[in-house]
Amino acid sequence: MSGKPAETAKTRSNMRIVVACSAFVVSMVGVSYAAVPLYQLFCQVTGYGGTTQRVEQMSDTILDRTIKVRFDSNVAAGLPWNFKPVQREIELKIGETVQIAYTAENTSDQSTSGQATFNVTPMSAGAYFNKIQCFCFTENELKPGEKMNMPVVFFVDPAIVDDPDAKDVTAITLSYTFFPHASEKPVAAVAEPVQDRDTL
């Protein structure tokens with residue numbers, strides 16, 4: 001009889017351990033799912049990793065100092081598009097709002113959809129590269145043989161001149177990579193390297 005309370009206590013102890021381990025596993029799974037959107041939010045707020053900023057209005061300050069912006073384009077495997085900037089490079093005043101454009105053409109005989117990812121280099125300039133309008137904000141669909149003009153409206157935040165890490169930046173490269181939309185992308189395409197890099 002004296003052994004039963006000890007066995008019951010041991011069973012309860014084991015159950016606590018099982019519950020604690022299960023809770024830990026569930027919380028780790030939750031953290032892993034939240035990691036990507038939280039990291040993206042962190043990058044958008046801080047400009048970390050060359051992530052640009054999205055804003056709603058133009059800059060109200062224009063400095064008497066210019067900066068060059070170069071444009072780069074890439075298409076990932078699995079998306080039959082020709083994608084390139086209309087202009088390779090422009091020079092603008094810091095704080096000046098400008099519009100440039102890329103073009104994309106579907107070279108296949110069926111409709112395809114793509115989503116663009118983007119960043120700027122040097123990475124220290126990411127927090128100061130502000131986009132007002134960009135094709136990268138949404139998914140893009142092109143019909144067979146269709147060609148589309150894709151505008152980008154942006155400015156370089158005048159606050160860049162007050163940042164010790166970015167104040168000496170004289171040129172920024174804005175780079176886009178178009179990927180097949182997730183619903184169309186073959187599983188094997190995820191591991192394939194980026195093709196058709198349109199270098200400067």
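Accessible areas are those obtained by the Shrake-Rupley method with a 1.4 Å probe. On that basis the chain in this predicted model exposes about 12000 Å², of which carbon and sulfur atoms supply 56%. Buried residues account for 34% of the 200 residues in the chain.

The chain contains one helix and eleven strands. Followed along the sequence, these elements give the pattern α-β-β-β-β-β-β-β-β-β-β-β. Among contacts between residues at least 6 apart in sequence, 78% join residues at least 24 apart.

Confidence is a helpful guide to what follows. The mean pLDDT of the chain is 80, with 72% of its residues at 70 or more. Over residues 185–197, pLDDT is below 50, and this stretch has 17 contacts in the model beyond near neighbours in sequence. The value also stays under 50 over residues 32–50, for which the model has 22 contacts beyond four places in sequence. Where pLDDT is low, the predicted coordinates should not be read in detail.

Attention can now turn to the interior. The largest nonpolar core has 34 residues, and those touching the most other members are Phe83, Tyr102, Phe135, Phe154 and Tyr176. Two or more residues of this core come from each of β2, β3 (81–85), β4, β5 (98–106), β6 (112–121), β7 (129–134), β9 and β10. Nonpolar side chains tend to be buried together in soluble globular proteins. Phe135 offers a good view of the surroundings: leaving out residues up to four places away in sequence, Phe135 touches the aromatic residues Phe83, Tyr102, Tyr176 and Phe178, along with Ala116, Asn140, Met150, Pro151 and Val152.

Strand β4 (residues 89–93) shows two faces, with Ile90 and Leu92 on the covered one and Glu89, Glu91 and Lys93 on the uncovered one. Strands β2 and β4 run antiparallel and are joined by five bridges. Glu89, on the uncovered face of β4, is the bridge partner of Arg70.

Three loop residues deserve a closer look. Ser59 sits in the loop between β1 (53–54) and β2 (66–76). Ser59 counts as buried because its relative accessibility is 18%, and buried means under 20%. The side chain of Ser59 reaches the backbone oxygen of Thr61 at 2.8 Å. Beyond its neighbours within four places in sequence, Ser59 is in contact with Gly95, Thr97, Phe155 and Pro158.

Asp157 belongs to the loop between β9 (147–156) and β10 (171–180). With a relative accessible area of 24%, Asp157 is partly exposed. In sequence, Asp157 and Ile94 are 63 residues apart, yet their C-alpha atoms are 6.6 Å apart in space. Ile94 is also in contact with Asp157, as are Tyr128 and Asn130, when neighbours within four places in sequence are set aside.

Lys143 is located in the loop between β8 (140–142) and β9. Its relative accessibility is 55%, so Lys143 counts as exposed, the cut-off being over 50%. Lys143 and Thr112 are 31 residues apart in sequence, with a C-alpha to C-alpha distance of 6.6 Å. Apart from neighbours within four places in sequence, the contacts of Lys143 are with Asn106 and Ser111.

How values were computed:
Residues are numbered from 1 along each chain as its sequence is written. Side-chain values use heavy atoms; hydrogens and water are left out. Helices (H or I, at least four residues) and strands (E, at least two) are DSSP runs, numbered from the N terminus. Buried means under 20% relative accessible area, exposed over 50%, partly exposed in between (1.4 Å probe, protein chains only). A polar contact is a pair of N or O atoms within 3.5 Å; within protein, one must be able to donate a hydrogen and the other to accept it, and residues adjacent in sequence count only if both atoms are side-chain atoms. Contact means heavy atoms within 4.5 Å. Two strands pair if DSSP finds at least two bridges between them. A nonpolar core is a set of buried Ala, Val, Leu, Ile, Met, Phe, Trp, Tyr and Cys residues joined through side-chain atoms within 4.5 Å. pLDDT is the predictor's confidence in each residue, from 0 to 100.
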